[in-house]
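Student: Could we go through this structure together, asking at each step what a label rests on?

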Amino acid sequence: MAAYKPVVVQACPKLGERITQDTLYWRGYKTPVQIKEFGAINKIDFSPVPPYNYAVTASSRIHIYGRYSQEPIKTFSRFRDAAYCATYRDDGRLLVAGSEGGNICLFDVNGKAPLRQFEGHTKPVHLVGFLSDKYRVFSGGDDYSSNLWDIPSATEIISYSEHTDYVRCGCASKVNADVFITGSYDHTVKLFDARTKSSVMTIEHGHPVESVLLFPSGGLLVSAGGRYVKVWDVLKGGQLLVSLKNHHKTVTCLCLNSSGQRLLSGSLDRHVKIYSTTSYKVVHSFNYATSILSLALSPEDETIVVGMTNGVLNVKHRKPEEKNENSQKKRQPAYRTYVKGRTYMPKQEDFCVSKPVKRVLRKYDKLLRSFQSSKALDAVMEPPIMLHTPEVTVAVMQELHRRGTLRSALAGRDEKQVNLLLTFVARRVIEPRFTPVLVTVADMITDIYQPVVGQSAIVDKQFLKLQQAIGKEIDYQEELLEVLGMMDTLFATFTKKRDTCLEESKSNGVTEIIETNRNY
């Protein structure tokens with residue numbers, strides 16, 4: 001009896017991933033460390049000075065984490081309700097945070113109790129930060145106001161009430177100590193100068209603004225809201241330079257790397273996109289488990305920290321570079337060592353010893369070998385196989401058709417199994433590599449289960465989907481044939497013109513030769 005030959009699964013070439021310098025750089029981070037917080041993480045901020053600790057604001061606490069610590073090295077918990085937007089000062093010695101009650105607390109990073117409390121907002125304060133002169137604090141709250149505070153006297157300097165909705169984000173200019181920017185749910189971004197009594201510039205973003213970012217030069221402004229990330233030229237009066245729409249859900253946070261050449265955006269679609277600030281194209285992306293609320297990059301780009309809605313803090317560190325570059329590597333065997341003896345032909349006096357090779361058969365091969373057609377089809381109709389390796393399912397169907405047992409394997413199935421078959425066929429029949437086999441399968445399923453059409457709403461729905469998929473594909477094919485006809489006509493016209501030009505040039509050449517001979 002001849003040995004059983006396993007089913008041959010058609011292998012299709014896959015497109016290789018494009019590897020760039022950005023891909024190699026951003027893949028150079030270790031496996032992330034995950035830390036569980038008490039609630040959704042609304043803000044992450046790195047200290048600007050070594051050792052680059054970072055403050056994490058979640059629920060009613062602010063945790064300070066060391067660079068490599070998985071436990072907080074310090075905690076500020078003097079909040080009655082939720083805390084928001086804990087931000088470091090440029091010297092890393094003070095920390096300011098807003099609260100649900102409307103108070104703003106100023107902390108010494110080495111102390112516990114607040115140094116100052118600023119009272120003036122009547123609703124929760126989601127935005128706080130320091131101006132670049134280090135002696136003033138700006139804030140924005142749900143009472144639609146944007147305030148400026150003096151640290152030494154703990155008094156309010158000025159209050160702006162120009163927004164018409166919640167003020168949820170903002171930033172300060174590092175170039176001008178009097179300038180700060182706020183973003184609101186009223187779809188606007190406003191630029192304020194502490195020397196004036198009203199805003200000096202208003203930019204219409206078009207969606208509720210979740211985050212704003214000012215480039216270190218102070219000339220470019222980035223705003224995020226809805227699915228859009230927009231870049232504005234502040235020096236040209238707020239002119240829109242580029243609008244990016246690479247996320248599928250609301251963009252919640254922005255940050256720049258240390259050189260300012262890469263812009264990072266986090267979104268509720270669980271992705272962090274990395275853009276080049278020269279071309280504004282996505283150069284890399286990270287995928288996370290749940291929706292992202294906050295994002296921060298350490299001053300030396302050594303650590304990426306992401307805060308999510310489920311309270312998980314995701315921390316990635318860069319892999320250390322190899323220091324022993326000049327150390328001698330262990331010499332590997334030469335290539336000829338591996339191929340030695342492969343082309344050797346046994347001589348007449350040689351005694352050949354063959355080692356039996358044990359062939360491991362897949363589950364469907366074992367069932368096919370024992371002529372259990374229906375069970376073999378069931379084995380390849382498992383969801384993981386159909387989703388990730390549909391070529392295996394199609395190969396088994398093709399083998400059953402070759403044996404003439406495909407119709408019997410498809411028959412006698414219940415509603416759930418027929419629904420599974422029709423779903424697979426409707427999804428994959430339009431793929432050219434599967435079309436010849438699945439068209440035959442679709443015909444057989446239609447013939448077998450035509451008498452029961454109308455008895456199950458689920459099966460009827462799948463038949464309609466199959467009909468729509470095939471109808472769309474036929475329409476596409478007809479349109480493509482029309483395009484091919486147009487292209488053939490154009491190519492034929494070009495060919496005729498070329499032939500005519502060649503004939504004319506030849507005839508002109510002959511005439512010139514004849515005229516030259518006559519002159520002689």
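Tutor: The questions below take up rings, charges and burial in turn, and the model we are reading is a predicted one.

Student: Why is the pair of Tyr160 and Phe180 called tilted?

Tutor: The ring centres of Tyr160 and Phe180 are 6.3 Å apart, and a pair needs centres within 6.5 Å, so the two rings count as an aromatic pair. Their planes stand at 55°, whereas stacked would need under 30 degrees and edge-to-face over 60, and therefore tilted is the word that remains. Tyr160 belongs to strand β13 (residues 155-160) and Phe180 to strand β15 (residues 179-184), so that the pair links parts of the chain 20 residues apart.

Student: What makes Asp22 and Arg262 a salt bridge?

Tutor: Between the side chains of Asp22 and Arg262 the distance from N to O is 2.9 Å, and the rule asks for a nitrogen within 4 Å of a carboxyl oxygen, so the pair qualifies. Asp22 sits in helix α1 (residues 21-26) and Arg262 in strand β23 (residues 262-267), which means that the bridge ties together parts 240 residues apart in sequence. Both of these residues are buried.

Student: How do you know whether Arg67 is buried, partly exposed or exposed?

Tutor: The relative accessibility of Arg67 is 23%, and because buried means under 20% and exposed means over 50%, Arg67 counts as partly exposed. Glu300, with which Arg67 forms a salt bridge, has a relative accessible area of 47% and is likewise partly exposed.

Student: Asp378 and Arg413 also meet in a salt bridge, so what are the labels of these two residues?

Tutor: Arg413 has a relative accessible area of 10%, and since this is under 20%, Arg413 is buried. Asp378, at 27%, is above that cut-off and does not reach the one for exposed, over 50%, so Asp378 is partly exposed.

Student: What makes Arg318 a charge over the face of Tyr29?

Tutor: Arg318 lies 5.0 Å from the ring centre of Tyr29, and because the limit is 6 Å, the distance condition is met. Tyr29 is also one of the residues of an aromatic cluster, together with Tyr25, Trp26 and Phe286.

Student: How many salt bridges does a search of the whole structure find?

Tutor: The search finds 16 salt bridges, and there is also a network of them that links Asp133, Arg136, Asp178, Asp193 and Arg195.

Conventions. Residues numbered from 1 in each chain as written. Predicted model: local features only at pLDDT ≥ 70, side-chain atom pairs only at ≥ 80, totals over all residues. Heavy atoms only, no water. Phe/Tyr/Trp six-rings, centres within 6.5 Å; stacked < 30°, edge-to-face > 60°. Helix = DSSP H or I, 4+ residues; strand = E, 2+ residues; numbered from the N terminus. Lys NZ or Arg CZ within 6 Å of the ring centre and 35° of its normal. Buried < 20%, exposed > 50% of the residue type's maximum accessible area, 1.4 Å probe, protein only.
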